Amino acid sequence: MSTTESPERPAPEQAESPEPLEAARVPAPRRGGRTPRRLALAVALGLVAGTCAGYLVQAGRTPDKLLPLSQPTLAQAAGKGPGPLSAAQDHQVKADGDLRKLLLEKPGGTRANPHIESDDGWLDLTAYAELYTKPDVAFRELLGDEFRRSAITGWTESGNRTVEIRLVQFRQVEAQTAVDRAFYARTWAADDDHTRSWPIPGTGDGEIFVHDRPESRFGSGYLAEAHAWRGDIAMEMWVGDTRPIPPARVRELARQQMERL
């Protein structure tokens with residue numbers, strides 16, 4: 001019996017040994033982790049306890065008397081206080097009434113001024129803005145200036161001399177508009193050439209302006225103007241003539257008008 005040789009079996013491959021694992025790094029425990037929290041809590045409790053103890057001590061003490069005032073006792077005036085102002089003395093009562101009654105009355109012997117564009121003496125916002133060379137711009141500015149109302153009067157004196165007076169009132173919630181309007185009107189009037197000016201008595205900064213050269217925009221006539229203010233009312237006066245205008249007449253009219261305010 002023959003024997004068959006068994007095939008050679010390859011030697012089993014040796015498994016590669018794995019690389020040694022790196023030792024796990026366990027973080028070292030933190031020292032004193034709870035100690036700061038405990039200290040903070042102890043401090044907070046100490047503050048609360050100290051506050052309560054101080055309050056109890058203060059509450060149990062007898063209140064100290066206040067130091068006497070250095071000012072001597074003032075004697076109280078005897079009698080009743082002043083009464084309310086009369087309507088003639090209270091400016092606000094006059095200003096809130098019929099604005100047309102504050103205008104100068106037409107002098108005797110005068111005629112109607114044909115340039116007055118009002119039947120009842122009132123000028124609403126649109127009518128007043130139409131008096132400017134650029135009514136649309138004036139309308140927007142008057143709205144921003146808190147226009148309230150306006151009254152107008154005028155007449156024709158001897159010859160061709162015309163007088164026109166306007167009182168323009170503002171609400172003045174946001175600004176002192178009346179004084180600003182009068183200031184800018186005086187500034188524009190003073191900028192014209194061949195112009196003289198005089199103060200209006202009793203008004204502080206009110207002025208009259210007489211233009212000594214005829215103005216083509218006013219029908220080739222002479223022009224004088226006056227601007228002043230009082231409270232929430234701005235006063236405008238215009239005097240026109242075909243001849244030079246005497247300053248004394250304009251100044252007197254302006255003074256009389258401002259006295260009514």
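**Burial, backbone angles and aromatic pairs**

His194 has a relative accessible area of 48% and is therefore partly exposed (between the limits for buried, under 20%, and exposed, over 50%, with a 1.4 Å probe and protein chains only). The structure is a predicted model, in which local features need pLDDT of at least 70 and side-chain atom pairs count only at pLDDT 80 or more, whereas totals for chains, interfaces and linings use all residues. Residues are numbered from 1 along each chain as its sequence is written, and side-chain values use heavy atoms, with hydrogens and water left out.

The chain contains six helices and seven strands (DSSP runs numbered from the N terminus, H or I of at least four residues for helices and E of at least two for strands). Read from the N terminus, the order of the elements is α-α-β-α-α-β-β-α-β-β-β-β-α. The chain has 261 residues, and 29% of these count as buried. Its accessible surface is about 19,300 Å², with 55% belonging to carbon and sulfur atoms (Shrake-Rupley method, 1.4 Å probe; for residues, only the protein chains shown count as cover). Among contacts in the chain with a separation of 6 or more, 56% are between residues 24 or more positions apart (a contact being heavy atoms within 4.5 Å).

His194 is placed in the loop between helix α5 (177–191) and strand β4 (195–199). The phi of His194 is near 55°, which is positive although the residue is not glycine. A positive phi is also found at Glu146, again a residue other than glycine, with a value near 60°. Glu146 belongs to the loop between α4 (135–144) and β2. With a relative accessible area of 15%, Glu146 is buried. Most residues other than glycine have a negative phi.

Glu146 is also one of the residues touched by Thr177. The other residues in this set are Asp145, Phe170 and Gln172, when residues up to four places away in sequence are not counted. Thr177 lies in helix α5 and counts as buried, at 6% relative accessibility.

Aromatic rings were examined next. The count is five aromatic pairs (rings of Phe, Tyr and Trp, the last by its six-membered ring, with centres within 6.5 Å; stacked if the planes are under 30 degrees apart, edge-to-face if over 60, and tilted for the rest). Tyr128 and Phe147 form a stacked pair, because the planes of their rings stand at 20°, with the centres 5.9 Å apart. This pair links distant parts of the chain, as Tyr128 is in helix α3 (residues 125–129) and Phe147, 19 residues apart from it, is in strand β2 (residues 147–156). Tyr128 is buried, with a relative accessible area of 0%, and Phe147 is likewise buried, with 8%.

Phe183 and Tyr184 make an edge-to-face pair, with 5.4 Å from centre to centre and 65° between the planes. Both rings belong to partly exposed residues: the relative accessibility is 44% for Phe183 and 46% for Tyr184. A cluster linked by ring pairs is made up of Tyr128, Tyr132, Phe147 and Phe170. Two residues of this cluster have already been described: Tyr128 and Phe147 as the stacked pair. Phe170, also in the cluster, is among the residues touched by Thr177.
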